[in-house]
Amino acid sequence: MLNVQYLSMTELEAGLEYIRQAPKDNGYLKMIVRRPNVDEREVLEEGELNTTEGLAGDTWKVRVSIHSTDGLPSINKQVTIMNARMIALLAQAEERWPLAGDQLYVDMDLSDDNLPAGTQLAIGSAILVVSADPHSGCQKFSSRFGVEAMKFVNSPEGKQLRLRGINTRIIQGGVIHVGDIVRKL
């Protein structure tokens with residue numbers, strides 16, 4: 001087991017410049033993670049995105065949502081995407097990236113300025129649309145990466161840069177592979 005120390009706010013802030021240098025367009029898909037059960041993760045080289053299931057084999061469709069009135073998962077939160085540079089900073093080791101709970105990790109600027117709600121992203125043969133629904137740190141995120149990390153991603157600057165990531169909805173299913181270019185349409 002990897003012994004990881006939580007980063008201080010100073011250490012997190014020191015990583016901001018590198019995170020801000022992520023490509024604005026033509027980024028790269030660095031990791032695909034399927035969640036077959038609660039707190040289980042499978043790292044994939046290839047995945048299928050479809051409009052009804054999300055990432056094939058993932059539990060998005062059956063997860064209970066505390067944010068919806070009916071408890072059902074939101075279609076606008078079908079696939080979550082996190083900046084690979086941000087998770088690399090937080091996790092300190094690639095094998096810890098899946099702990100964030102996102103399905104896709106990309107080297108791309110996910111900020112609100114670069115990818116406003118409604119922006120379409122092509123990855124492999126799939127197309128996703130960025131949701132207006134915010135993606136914020138939660139208790140599990142805090143327990144895995146530290147309270148300072150949660151404060152950092154939920155700060156005004158962290159929210160503008162979408163350091164915790166973005167929610168998306170699949171509008172065209174397709175196959176994705178690690179290494180695929182992620183481009184704005």
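This is a short tour of some strands and one pocket. The model is predicted.

**Stop 1: an open sheet**

Select residues 46-50, which make up strand S3. Then add strand S4 (54-55) and strand S10 (174-177). Together these three strands form an open sheet, ordered S4-S3-S10, with antiparallel pairing. S4 and S10 are the edge strands, and each pairs on one side only.

Stay with S3 and S10. Four bridges link this antiparallel pair. To see one bridge, pick glutamate 48 and look across to valine 175 in S10, its partner.

**Stop 2: a hairpin**

Move to residues 120-123, strand S7, and residues 126-130, strand S8. They run antiparallel and share four bridges. Click alanine 122: its bridge partner in S8 is isoleucine 127.

How many residues lie between S7 and S8 in the hairpin? Two. Select glycine 124 in that turn; its phi is positive, about 55°.

**Stop 3: another partner for S7**

Keep S7 selected and add residues 181-184, strand S11. S7 and S11 pair in the antiparallel sense over three bridges. Find isoleucine 123, and opposite it valine 182 in S11.

**Stop 4: the second largest pocket**

Select Pro134, His135, Lys159, Arg162 and Gly165. Of the 17 residues that line the second largest pocket, these lie nearest its centre. The volume of this pocket is about 210 Å³.

Now show helix H6 (156-161) and strand S9 (166-172), which each supply at least two lining residues. Which classes make up the lining? Five residues are nonpolar, seven polar and five charged.

Conventions:
Residues are numbered from 1 along each chain as its sequence is written. This is a predicted model: local features need pLDDT of at least 70, side-chain atom pairs count only at pLDDT 80 or more; totals for chains, interfaces and linings use all residues. Side-chain values use heavy atoms; hydrogens and water are left out. Two strands pair if DSSP finds at least two bridges between them. On a 1 Å grid over the protein atoms alone, a cavity is a set of points where a 1.4 Å probe fits but cannot get out, and a pocket is an open set with protein on both sides within 12 Å along at least five of seven lines; lining residues have an atom within 4 Å of a point. Grid points are joined across faces, edges and corners, and a volume is the space filled by probe spheres set on the points. Ala, Val, Leu, Ile, Met, Phe, Trp, Tyr, Cys and Pro count as nonpolar, Asp, Glu, Lys and Arg as charged, and the others, Gly among them, as polar.
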